[in-house]
Every structure is written in structure tokens, then in C-alpha cells.
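Thanks for sharing this one with me. Here are my notes, set out point by point so that you can follow along in your viewer.

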Amino acid sequence: MSSPGSSDKRVEVRAPMSGVFYRRPAPDQPPYVEVGDFVKKRQVLALLETMKVFQKIRAPVEGTVVEIAAENEVPLKDNDLMFVIETP
Amino acid sequence: MFSKILVANRGEIAVRVLRACRELGIRTVAIYSEADEHCLHVRLADEAVCVGPAVSTKSYLNIDSILDAAKRTGAQAIHPGYGYLAERGDFAKACEADGLVFIGPTPENLELAGDKLVAKKTVHAAGVPVIPSSPTGIDTPQEAERIAQQIGYPVIIKASAGGGGRGIRICRDSQSLLEEFPVAKMEAKAAFGNDEVYIEKLIQEPRHIEFQILVDRFGNAVHLGERECTIQRRYQKLIEESPSPRLTPKMRRSMGEAAISAARAARYFNAGTVEFLVDGEGRFYFLEINARIQVEHPVTELVTGVDLVKEQIRLACGYPLDPALEELQLRGWAIECRINAEDPDRNFLPSPGTVEQYRPPGGFGIRLDTHLYQGYELPIYYDSLVAKLLAHDRTREGAIRIMRRALEEFTISPLKTTIPLHLRILQDPDFLQGRFTTDFIKKFYPDEEEEED
């Protein structure tokens, strides 16, 4: 997916296990992040619910969210792509 | 007796209830979500109805859809299992309104049990000991000090809106109480949006011990002995046993009587559990009433020989208690290990997937309640409890030996489970001597935080 000739680094964030993907902390609240947002390292990007346990999905690096590959409230498999972050 | 029962649950407890119905000659209806078509309970029932999508709120908690399934299949009664709709007064009422029998306590019982403060007041009025606390919220450090002197140090300051162990401060004397009080209030405000706090006596070296009760429509009540449930992690029980190594015959008698008084004061009906905390000096305090069949009910079944689910069904049908239950002698020792699909080496993260190799244990003294089978794929949507392994023998030591042997035989590959943790606990010298309190598990996970960030 990396664009040739670009000095930016694209970092993929993948599901650590299967689970339901949530972009919002609660149904009546705004999403954690949108495409174009700049995120800090360890900032929460989404929640993954597996067998009633919620895991916070955190940004592995600082950078800009360039892609949100998973849809809200949809089940993901282990290692499915969730986000792409471009580091400065 | 009923001719057809709908079981409004899934997994091991649905299997458990379906088996009891079959033995009673009652036809059964299972319900399932779109993710559970291949779950064992669907295969064991006479009929099965899909009640909605995978997400529990749209299926196993979908009252309209479940009642509709009951009406369409001609079921006369609904067994709710535990969790889901088991303690929902509105569901019990909706069943009644539709002419269906809810196999469990009355809607009023469910409401009372759900309101811990009212339940505490009700049983206290009947002479059952409760944890001494301030009657209401407290506003000033001076008032806090006055009440702490009445109930005796150490005390804890608790946020009225808190829960799950959060927002708690321990004070061992009046100086620390005066210092901590304003901080606790500010913290409560910040964490829960409500600065009301109250004071409760700190129970030292607590153990969690509960009594199984049965009450018929005519007000006859019995208890079936206790269950020791002290081995927990984050308020989730891991190992239960009956009897409790902590109780003397005298303590058992007075706690059993208190459990029955609590049931009578609450005008309780059907099967239930009265939970107590027991402190280091053997004093006991009422905690709450669990108005359902509990996960750990089989340990009581093994030492009493009574099938609690069948008793629930008979009582719901209006039968009186069998007088023979009054004369029950507890027989031997039973232990239960909860097998969860969780990785104890990775902070108990869930471990979903397909069971590729399944080899259940058996032999003398073993009971296994599970919905697992070879090739079963664990859905990601539901609880991680996959099996309850029970051992029964004449002595505690014998039951522990059987349990260890059975845990070693048990293969659920490639899932990560709590089996290795159970094996460690069953070799721990304090566990073997029956000496433990509710923070026992910290010995194995000393660095674990109470709550995640």
C-alpha cells in the first residue's frame, strides 16, 4: 500500500484478535477518530469487543489517520486491517 | 406438570436446563441467535427458534421475540437460566401477562433483589446481620467521624454512585478519615458526577460464602448448605466448593437460619442464593440475594443429591417442597473450576476460535457441564465461560486430587483457557489448607490493577 517515492511511512493497525469493531466509546458519542485526524502515539482509535471484553485499540505511532478500513459495529477476524496511519 | 418449556438462554446453562426437562418428560424449545445455529443447546432441544441477530440485545435480550417464540411453539413456561433476562422483573411480568409461567422468583422478588439498599434494610429488619454503614450519604468530615466511632474502625468511604470496587478509601483512624473525606468527595464527583459518599465498616480478611435456598408457594423454606466462593478475580468467581472449609457446624447453623430469615423477610419464592461476607473472626454479614439459578449451583447438587433445576421447575408449577429436603445430610466434598476461554498469561484476554481437538475428562467423581464439542467455533459475541468441571469425593483432599487429574486430562486445543491457572491454584499450600480471603488471586498476579486505564 505504500506510495512509491513518498518519504512518509504508512503504518497499518490490524485487529489483535477477532471481535466487533466500535469506532465510538458509546452509541451516542462521536467517533474516536476520523480520516485526516492527527493522532498521538497510544491514543485510542477504536474499541474491539471479544466475548464481552472490550479492548482499546491504540495508535502504535504518532501520525495522520489516512484510512479507516473497518466499518463500525462489524465483526473482524484476527489480523484484519483497521486503520492506516501515515507518520510525518 | 408443564408439557413444554422454552429455555431462554444459550451455552452450558441452556444445555443444563434442557437435560433436566428431558428427564422430567417435558418437551423443550431452544432459542438461538444467528451466530449460534451450531451451538449444542440447539441440537439438544426438541424444537429451536431463531430469535434475532448475533448481538445479544437483539436476540437473547429481545423480550418480544422470545415471547413470540414461546407462543408460536405452545410453550407453557420459560426458564431464563442465569444472566440475560433471568433477573429482569419486566420480563417476568411480561411472561405472566402472556399467560406463561416464569420459572424463577416473583417480579417483586426480582425488584427487591435488584435494589441492594432496600434488600439490606428488609433483611436487617428481620434480624439478619448486615455490614454496618451510615444510613444515608454523609456531607461533613465531622458527621463521618461520629458515625465511624459508632461502627468502629477501620472504615471505608464509598461513593454512592460507585461500584465494582471503584471509588473506595480505607481509613484506619479518625485522623486519616478527616484527611481522606474531602478528597473522596472530590474524587467521587470527578469519577461518577455525584459527590455523595457513605461510610461502611471494613470487613477484614473477607470470605464470600453463600447459601442455597428453596421456597415453595406455601412459604415453606429450606437451605441446602453453603458454597464457598472466595476464590475470585475482579469479582468473577473462579473456584467454588461445598462445604466451606471455613465454617464450623455452629456457623453453618446460624448462617443457614439467617439465610432462611432473609428469604422469609423478602417473601422470596423458588430457588435463590443468599450471599454473605465472613470476616477473619467468623462474624457474617448479609451482602445480597441472587434471584436466579447460579453458575456454581452444581457443587450444591453434588453434596446434596438434589437437582436444583428440576426443583425450580416443580416449584414454579406450584408443587410444595419435598419434606425430605428438611432432613438432608451433606455428603462428601465438591469443587468446581470455571473453565473460561481466556489466556491467564495475557491478562485474561479472551481466546475465541474453533475447538480443533476436544478431549473431555471423565472417571470417578467427575461432572462436566459444557456446550463444547470437537469442531465447535466459539462465537465472539458471548461470555467466555466454556465449561464447568466438578469433582466430588468423600473428602476435600480427595476432591482436589480428582480435580487435578481431570484438569490434566482436559484438552480444548488450540484455545487458551484457565485450566493452567486452576492447576497452579490446586497446588497452592494456602488453598490446600483452606486458608484464603477474597484477594487470594493477587498472590498469582501481584501487579494486576483493579481496573484498566
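The points below cover two helix pairs, one pocket and a few backbone details.

1. Before anything else, please keep in mind that this is a predicted model.

2. Let's begin in chain B with helix α5 (residues 107–114) and helix α6 (residues 116–125), whose axes come within 5 Å and cross at roughly 100°. An angle from 65 to 115 degrees counts as roughly perpendicular, so α5(B) is roughly perpendicular to α6(B). On the α5(B) side the contact is made by B:Leu112, B:Ala113 and B:Gly114, and on the α6(B) side by B:Lys116, B:Val118, B:Ala119 and B:Thr122. By class, these residues are four nonpolar, two polar and one charged.

3. A second pair to look at is helix α7 (residues 141–151) and helix α8 (residues 174–192), also of chain B. Their axes come within 9 Å and cross at roughly 145°, and the crossing is right-handed. From α7(B), the contact uses B:Pro141, B:Ala144, B:Glu145 and B:Ala148; from α8(B), it uses B:Ser174, B:Leu177, B:Leu178 and B:Phe181. Six of the residues in this contact are nonpolar, one is polar and one is charged.

4. Which residues are the closest to the centre of the second largest pocket? They are A:Ser18, B:Pro352, B:Gly353, B:Glu377 and B:Ile380, out of 29 lining residues. The volume of this pocket is about 570 Å³. Three strands each supply at least two residues of the lining: β7 (74–76) of chain A, and β16 (349–350) and β20 (377–378) of chain B. The lining divides into 15 nonpolar, five polar and nine charged residues.

5. Now for the backbone, where a little background helps. Most peptide bonds are trans, and most residues other than glycine have a negative phi. With that in mind, have a look at the bond from B:Tyr153 to B:Pro154, which is cis with omega near -10°. B:Pro154 sits in the loop between α7 and β6 (155–159) of chain B.

6. Another cis peptide bond joins B:Ser242 and B:Pro243, with omega about 0°. You will find B:Pro243 in the loop between β11 (236–242) and α9 (249–265) of chain B.

7. Finally, where does B:Tyr84 lie? It is in the loop between β4 (77–79) and α4 (89–97) of chain B. Although B:Tyr84 is not a glycine, its phi is positive, at about 40°.

Conventions: Residues are numbered from 1 along each chain as its sequence is written. Chains are lettered from A and ligands numbered from 1 in the order in which they are written. This is a predicted model: local features need pLDDT of at least 70, side-chain atom pairs count only at pLDDT 80 or more; totals for chains, interfaces and linings use all residues. Side-chain values use heavy atoms; hydrogens and water are left out. Axes are lines fitted to C-alpha atoms, for helices over the stretch in contact, and angles run from 0 to 180 degrees between N-to-C directions. Helices (H or I, at least four residues) and strands (E, at least two) are DSSP runs, numbered from the N terminus. A crossing is left-handed if the near helix is turned anticlockwise from the far one by less than a right angle, and right-handed if clockwise. Contact means heavy atoms within 4.5 Å. Ala, Val, Leu, Ile, Met, Phe, Trp, Tyr, Cys and Pro count as nonpolar, Asp, Glu, Lys and Arg as charged, and the others, Gly among them, as polar. Angles under 35 degrees count as roughly parallel, over 145 as roughly antiparallel, 65 to 115 as roughly perpendicular and the rest as oblique. On a 1 Å grid over the protein atoms alone, a cavity is a set of points where a 1.4 Å probe fits but cannot get out, and a pocket is an open set with protein on both sides within 12 Å along at least five of seven lines; lining residues have an atom within 4 Å of a point. Grid points are joined across faces, edges and corners, and a volume is the space filled by probe spheres set on the points.
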